[in-house]
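Me: I have just opened this structure and would like some help reading it. Could we go through a few features together?

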Amino acid sequence: METDNIFPNNWKEIVRGKKVIFYNTSVGSLLSGREKHFEKMKWVFSVFQEHPEVVLWWRPHPLELSTIQSMLPHLEEWYKSLRKQYQEEGVGILDESTDLHRTIAISDAYYGDWSSVMELYKATGKPILLSVDNLKEYSPEVAFVICDFVIVDNYMWFISSLYVGLFKMNLDSFIVEEVVPIPGERIYEADVMRYILQVGRELFLIPDWGTSVIAYDIDNKTMRRVVVGKRTTASKCSIAYYRNGNLFLISPNGKSQLKIDIKNLNVKSEHIETAKIPDFQTDERFIAVKTVNEITYAIPRIENTVQITDLRTGQRLIKKIKIKEELTKFFAGKGLFDIYQSIEPMTINPIYANEDKWVYTLPRYINAVADEKKEGDNQHVDISLCGKKIYDSV
């Protein structure tokens with residue numbers, strides 16, 4: 001690619017003959033990650049300093065500093081010191097221009113937050129590695145990313161954003177003791193289920209991108225299923241609740257609902273008035289919060305933990321979620337190291353350490369991009385990951 005008319009003069013020599021990785025940081029991840037977001041950024045800089053064969057091209061969100069000043073003022077000096085370190089140590093290119101399309105065109109791969117910029121970059125077919133703020137080091141534990149749960153008989157039954165299944169965790173040990181597969185579904189698939197509701201001794205799994213509502217009988221261990229739509233990359237409902245023998249799935253636009261009779265699983269589509277939708281309180285720090293017998297259980301975003309608060313005493317504990325060793329067969333028998341997610345079809349497959357497969361840590365990703373053959377300076381030859389998304393776990 002001819003770069004003379006694209007790069008400012010002082011950037012041209014930096015990128016000549018090297019692969020360029022576009023590093024994107026967003027305001028959303030900044031606000032949710034806070035200190036962890038900065039810790040991850042510092043770690044990212046240190047990793048790239050060990051890889052001079054590639055160029056890190058950092059485009060911070062234009063509102064990043066002003067957002068910190070107004071909403072996280074105690075972190076302003078830390079952020080400024082990170083930027084100063086990045087520039088003084090020559091970690092890479094700091095691009096504060098308005099020309100996003102230049103960065104997308106010049107770069108060979110993307111690393112950073114899940115944002116609208118990432119969705120735009122996806123159209124290029126170039127590699128994408130998604131950063132997760134609180135994950136930097138290898139952990140042999142399975143990262144569930146719980147999206148909803150219910151408490152039954154001192155067990156937490158939950159569903160995951162990363163796996164298709166129903167998980168049963170003992171609330172004394174915080175060990176997942178049972179994994180219930182969903183017939184006809186692959187366990188490694190993202191965002192298939194979104195909500196779980198308890199009615200008597202049955203648990204109802206409500207789809208996000210999936211096709212069906214699943215009813216699971218806890219005592220008999222049997223399942224019933226009703227199809228409510230096609231598999232898509234759009235949510236089936238924004239709210240789900242139970243009332244008077246029926247499940248209600250409110251559409252994302254709030255103008256219609258599916259009414260499901262739980263006895264025979266008959267489905268009826270209805271138009272509704274927005275005012276009739278129940279008011280559900282949410283907390284942006286947590287994916288799901290439930291209170292049972294004056295004990296509140298909260299699932300933090302991304303973290304593989306449960307926060308428990310005794311409302312009677314005010315005591316608060318944070319417990320890490322574990323899994324029985326024999327149940328790791330559902331996850332290829334090894335601890336989850338990273339997750340590889342393809343765009344089409346939307347499926348997830350585990351990538352494990354110590355196997356003859358890619359292990360997509362950030363250093364390995366850098367090597368994959370840097371080692372790909374190219375024709376001349378900054379030619380964008382797609383590598384085997386093109387059109388793929390990969391979740392970064394270190």
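Reply: Happy to! Let's begin with sheets: two strands count as a pair if DSSP finds at least two bridges between them. Keep in mind throughout that this is a predicted model.

Me: What holds the strands of a sheet together in general?

Reply: Strands of a sheet pair through backbone hydrogen bonds, and the pairing can be parallel or antiparallel. Here, an open sheet of 4 strands has the order β10-β11-β12-β13, with antiparallel pairing.

Me: Which strands are at the edges of that sheet?

Reply: The edge strands are β10 (193-199) and β13 (222-227), each of which pairs on one side only. From one strand to the next, the twist averages 20°.

Me: How many bridges join β11 to β12?

Reply: Strand β11 (residues 202-207) and strand β12 (residues 212-217) run antiparallel and are joined by 4 bridges. If you want a pair to look for, start at Glu-202, whose bridge partner in β12 is Asp-217.

Me: Let's step back to the whole chain. How many helices and strands does it have?

Reply: The protein chain has 8 helices and 25 strands. Of its 394 residues, 53% are buried. Another way to read the fold is through contacts: among those between residues at least 6 apart in sequence, 54% join residues at least 24 apart.

Me: And what about the surface?

Reply: About 19000 Å² of the protein chain is exposed, and carbon and sulfur atoms supply 49% of that area.

Me: Now for salt bridges. How many are there in the whole structure?

Reply: The idea is a side-chain nitrogen of Lys or Arg within 4 Å of a carboxyl oxygen of Asp or Glu. A search of the whole structure finds 14 salt bridges.

Me: Where should I look to see one inside a helix?

Reply: Try Glu-76 and Lys-80, whose closest N and O atoms are 2.8 Å apart. These two residues are 4 apart in helix α5 (residues 76-88), so about one helical turn separates them. Glu-76 counts as buried at 17% relative accessibility, while Lys-80 counts as partly exposed at 35%.

Me: Are the partners Arg-16 and Glu-13 buried, partly exposed or exposed?

Reply: Arg-16 is partly exposed, with a relative accessible area of 37%, and Glu-13 counts as exposed at 54% relative accessibility. The salt bridge between Arg-16 and Glu-13 has its closest N and O atoms 3.5 Å apart.

Me: Which parts of the chain does the salt bridge between Arg-59 and Asp-95 tie together?

Reply: In this salt bridge, the closest N and O atoms of Arg-59 and Asp-95 are 3.2 Å apart. Arg-59 lies in strand β2 (residues 54-60) and Asp-95 in the loop between β3 (92-94) and α6 (100-106), so the pair ties together parts that are 36 residues apart in sequence. Arg-59 is buried, with a relative accessible area of 11%, and Asp-95 is buried too, at 1%. Salt bridges that share partners also join Arg-59, Asp-95 and Arg-102 into one network.

Me: One last feature: how many disulfides are there?

Reply: In general, a disulfide is a covalent bond between the sulfur atoms of two cysteines. A search of the whole structure finds 0 disulfides. You can still look up Cys-147, which counts as buried at 3% relative accessibility, and Cys-237, which is buried with a relative accessible area of 4%.

Methods:
Residues numbered from 1 in each chain as written. Predicted model: local features only at pLDDT ≥ 70, side-chain atom pairs only at ≥ 80, totals over all residues. Heavy atoms only, no water. Buried < 20%, exposed > 50% of the residue type's maximum accessible area, 1.4 Å probe, protein only. Contact = heavy atoms within 4.5 Å. Areas by Shrake-Rupley, 256 points an atom, 1.4 Å probe, with all protein chains shown as cover. Axes fitted to C-alpha atoms, helices over the stretch in contact; angles between N-to-C directions. Disulfide = S-S within 2.5 Å.
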